[in-house]
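Student: Hey, I'm new to this one. Can you walk me through it?
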Amino acid sequence: FHMRAQDFPLKPKSSPPRFVSVEELMETAKGVTNMALAHEIVVNQEFQVKPAELPEGSLERRVKEIMHKAFWDCLEAQLTGDPPSYNHAIKLLAEIKEVLLSFLLPGHGRLRTHIEEVLDLPLIQQQAENGSLDISRLAQFIVGMMGSLCAPCRDEDISKLREITEMVPLLKAIFSVLDLMKMDMANFALSSIRPHLLQQSAEYERNKFQEFLEKQPNALDYTEKWLEDTVRCLREGGVESSRAASSDPPSLLPLNVHNQAYLRLLRWDHAADPFPETVLMDQVRYQEMQQEAERLVLLSSLLLIVYTTTGEAISGLTGLMDTLKNTVSAMLADMHTPSFSTEEALATIGERFCIELSQCLSQHGYSPFSADRQSTLKGQISATAQPDNTVRKLMDSRVQSYLLASLESSYQRTPPPLPGGLAPVSKELKELAVRFCRLVNFNKLVFSPFYQKILQDVLTAEESSSTET
């Protein structure tokens, strides 16, 4: 956050700058990092712990590989010596024992006793000194215990371990699989505690942001501008509303202003406008939802054009809607990549639609899809490339209205009714609404005290300005 003031030359008015020490900056950065990690765990259902991978060819990777090779070469030399030495091997067995015990739950008393008995380090040391240590037997016990404790997805890895006959490669492979099992255990723990983290994480994020705000008093400038601009848009009638026409005062209720502000994040110009600080950690998620909403708008627009152009003849044809939808979805999959050409994609969609419709109408005994009707359909499809296209604007308004209605009714059990023309994309739209509402509601939970004060100040100033006018 602390670099944002320098990143953007056009910034709203802010509090006077405050000079801080390097130590304070480092402590603040650490707090923001921890806050971001806690936030990611709660809001990202797919979040997982993954092993760190050093870049290919990097110095760190080369040093690590050299050190590991030296260690395993030394172990090989010890085990094949005459007489063999087990100093390194016993240290490895101690590490393996510690890892296996860490996998056990409180109710695993018998397994714990079994591991302690078989991997009894003083006894193993004594056997090594007496020349009676059977390290192969211990390795097989370890592999069997790993098979009992691992997740089902590791069964294949355990099977491969059983096929290794040489000791050093086996021990090396055992450690690799143990690392994977640690990741599995950590991710299982995350999924188990995630529901209980919600409230604690909200409070944690709020406190960390408050600490950050005390060090950076201007850390809410863009949030204030975001809410101020929303009030102005409401005054000017430049936002969507899920309500029927009503008097002006209800539209400036704090809750309505706040919901409209979140909806505006799905129309954000990320290249030109700084993102509000309180939603900055979710900027990528809002960008993804914005792109999904735009894709659904264009998809539903094209399907609506087909059905209004061809009339009722195709309304009851089983499977046609899915075929047309799949055609469009495949063509629009990359619509937000730099190399995508909307005009070319729509031209191709128009051609494919005409082919599909001609075949379908002839198969069901309807009159042929004439050249004039094909030309009209292609023209209407190509016209949706323009953002101000009538059909596209209509479907965009309906998608935005549905998302706003979902947000306003997110604490109710029944979802809002689906606007006309959106039935073909109902599944995708409802999934988008769930993601949007979940993210917004958690953000409200974290930052509500900050929002309440800002909205109170903004609306009071707006009311005073209106009274003077």
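**Salt bridges and a helix**

Tutor: At 37% relative accessibility, Glu211 counts as partly exposed (buried is under 20% relative accessible area, exposed over 50%, partly exposed in between, with a 1.4 Å probe and protein chains only). This is a predicted model, where local features need pLDDT of at least 70, side-chain atom pairs count only at pLDDT 80 or more, and totals for chains, interfaces and linings use all residues. Residues are numbered from 1 along each chain as its sequence is written, and side-chain values use heavy atoms, with hydrogens and water left out.

Student: Which side chain meets Glu211 in a salt bridge?

Tutor: That's Lys208, at 3.8 Å, N to O; a salt bridge is a side-chain nitrogen of Lys or Arg within 4 Å of a carboxyl oxygen of Asp or Glu. Both lie in helix H9, 3 residues apart, about one turn of the helix. Helices are DSSP runs (H or I, at least four residues), numbered from the N terminus.

Student: How many salt bridges are there in the whole structure?

Tutor: A search finds 18. One of them pairs Asp184 with Arg154 at 2.7 Å, N to O. Asp184 lies in helix H9 (residues 167-215) and Arg154 in the loop between helix H7 (135-149) and helix H8 (155-163), so the pair ties together parts 30 residues apart in sequence.

Student: Are Asp184 and Arg154 buried or exposed?

Tutor: Asp184 and Arg154 are both buried.

Student: New topic: which helix is Leu59 in?

Tutor: Leu59 is in helix H3, residues 59-79. Leu59 is exposed, with a relative accessible area of 59%.

Notes: Helices (H or I, at least four residues) and strands (E, at least two) are DSSP runs, numbered from the N terminus.
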